[in-house]
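The report below walks through the sheets, the helix packing and the chain contact of one structure, and it is best read with the coordinates open.

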Amino acid sequence: MVNYIHFTDPNSEEMVRVLEQIPRCPGTCFFMDINRSTDMKYQGGLKDWGRKLNNTFNNLLYSNNFQQHIVKGIGDEMMLFIPDEVLQKKSSNNTCFALLEDIYAALFLIKNHPDQSLFLNCKVAIHYCTEVHNITFFDGADDYYGRDIDLTARLMSKSIENRIVLSEMFYMKVINDLINMGLPVETGCMSRVSERYVENFRGVPVSTAFRVIDVQ
Amino acid sequence: MEINEQKTDQCVIIGITGRLDTTNYSLLEKKLMELIDNHQDKILVDCSKMDYVSSSGLRILLMALKKITMQKGKFVLCGLQENIHEIFEISGFTSIFEIHSSPEEALRVF
């Protein structure tokens, strides 16, 4: 449940006490961005780019019931967060592997649709977050803050059209899911996963490992 | 999910029962690709007992359609439940697949 943080006194001791008691909320965060959506707005009117945004957001979200996990949209980018406790309560598709497969399939469907005038290609970054809290500073909003959310946003800088960037943390969750299910680690789109890359991201004091999957 | 295969004079009917998602799409993929690789180029997929499909399931149907179209064959769907039809519409599938309301109606096109 979201914790609304709002104290008028900048030095409030009560604020510090409240913040210290807010538990972590581990889960999977993903950012999805629509490619070339800015160019498109200079090339056509609302009836053109609005239609494509409608189609693409619907395609990404509704086929997999992701719409209930949208935290926020900023322009043509969306942030989704699925807390572990929510994912585990699902009767099926309740693993990180299932999330990855469905996201891969959603990008595949857009990239390979015979009518290329309907949808826009996308890029994605996924991270398994432990340093995250379900808090908001805005009345009535539901939001998630923490250094792992910021890291997911940083990983987006490594994504390009039709690519999924997955943090090593998320990759290991997927591998564990596959082992627990008795499946080979190269099952599904994991057969296309890259080697491990390590980079330093702005504002993150430690190196971050990640991999990529390019949609076929 | 259960997959049933039935051979008729006109085509092979693949019946899907239950949920088609990440846990089982590989079974459908294997079945359809085996048929297509064995030059069975007329396939009807009966979805009347399929009550859920995720993107992973849709991906297999699109792959099968593309492959069978390259072989100049026919890949037809029938019996979509309302919620499935909505997902097909959102995915832009209703404009690329030949979809019929019942197996009887679909069999007439082969």
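Which residue in β4(A) is the bridge partner of A:Lys72? The partner is A:Met79, and the strands around this pair are a convenient place to begin reading what is a predicted model.

## The sheet of chain A

The pair just named belongs to the contact between β3(A) and strand β4 (residues 77-83) of chain A, which run antiparallel to each other and are held by 4 bridges. These strands belong to an open sheet of 7 strands in chain A, whose order is β3-β4-β2-β5-β7-β9-β8 and whose pairing is mixed. The edges are formed by β3 (70-74) and β8 (197-199) of chain A, each of which pairs on one side only. From one strand to the next, the twist averages 20°.

Helix α5(A) packs on this sheet, where it touches β2 (27-34), β5 (122-129), β7 (163-167) and β9 (208-214) of chain A. The direction of α5(A) makes about 175° with that of β5(A).

## Helix α5(A) against helix α7(A)

Besides its place on the sheet, α5(A) has a helical neighbour. The axes of helix α5 (residues 96-112) and helix α7 (residues 168-180), both of chain A, come within 7 Å and cross at roughly 110°. Because angles of 65 to 115 degrees count as roughly perpendicular, α5(A) is described as roughly perpendicular to α7(A).

On the α5(A) side, the residues that meet the other helix are A:Cys96, A:Phe97 and A:Leu100, while α7(A) contributes A:Phe170, A:Lys173, A:Val174, A:Asp177 and A:Leu178. Sorted by class, this contact of α5(A) with α7(A) holds 6 nonpolar and 2 charged residues, with no polar residue.

## Where chain A touches chain B

Between the two chains, 20 residues of chain A are in contact with 16 residues of chain B. On the side of chain A that touches chain B, the elements that give two or more residues are α3 (46-62) and α5 of chain A. Of the elements there, α5(A) gives the most, with 8 residues, so to speak adding a further contact to those described above for this helix. By class, the residues on this side of chain A divide into 9 nonpolar, 8 polar and 3 charged.

## The sheet of chain B

Chain B has an open sheet of its own, in which 5 strands follow the order β1-β2-β3-β4-β5 with mixed pairing. Because β1 (2-7) and β5 (98-100) of chain B stand at the edges with a single partner strand each, one side of each is left without a neighbour in the sheet. Neighbouring strands of this sheet are turned by 25° against each other on average, with direction ignored.

The edge strand β1(B) is hardly covered, since the count of buried residues among its 6 residues is 0. A hairpin of 4 residues joins β1(B) to β2(B), and these strands run antiparallel, joined by 6 bridges. Within this pairing, B:Asn4 stands opposite B:Gly15 in β2(B).

On the other strand, B:Gly15 has B:Asp46 as its bridge partner in β3(B). Strand β2 (residues 12-20) and strand β3 (residues 42-53) of chain B run parallel and are joined by 8 bridges. Helix α1 (residues 25-37) of chain B packs on the sheet and touches β1, β2 and β3 of chain B, and the direction of this helix makes about 170° with that of β2(B).

How values were computed
Residues are numbered from 1 along each chain as its sequence is written. Chains are lettered from A and ligands numbered from 1 in the order in which they are written. This is a predicted model: local features need pLDDT of at least 70, side-chain atom pairs count only at pLDDT 80 or more; totals for chains, interfaces and linings use all residues. Axes are lines fitted to C-alpha atoms, for helices over the stretch in contact, and angles run from 0 to 180 degrees between N-to-C directions. Angles under 35 degrees count as roughly parallel, over 145 as roughly antiparallel, 65 to 115 as roughly perpendicular and the rest as oblique. Two residues are in contact if their C-beta atoms, placed from the backbone, lie within 7 Å. Ala, Val, Leu, Ile, Met, Phe, Trp, Tyr, Cys and Pro count as nonpolar, Asp, Glu, Lys and Arg as charged, and the others, Gly among them, as polar. Two strands pair if DSSP finds at least two bridges between them. A residue is buried if 20 or more other C-beta atoms lie within 10 Å of its own, exposed if 12 or fewer, and partly exposed in between; C-beta atoms are placed from the backbone.
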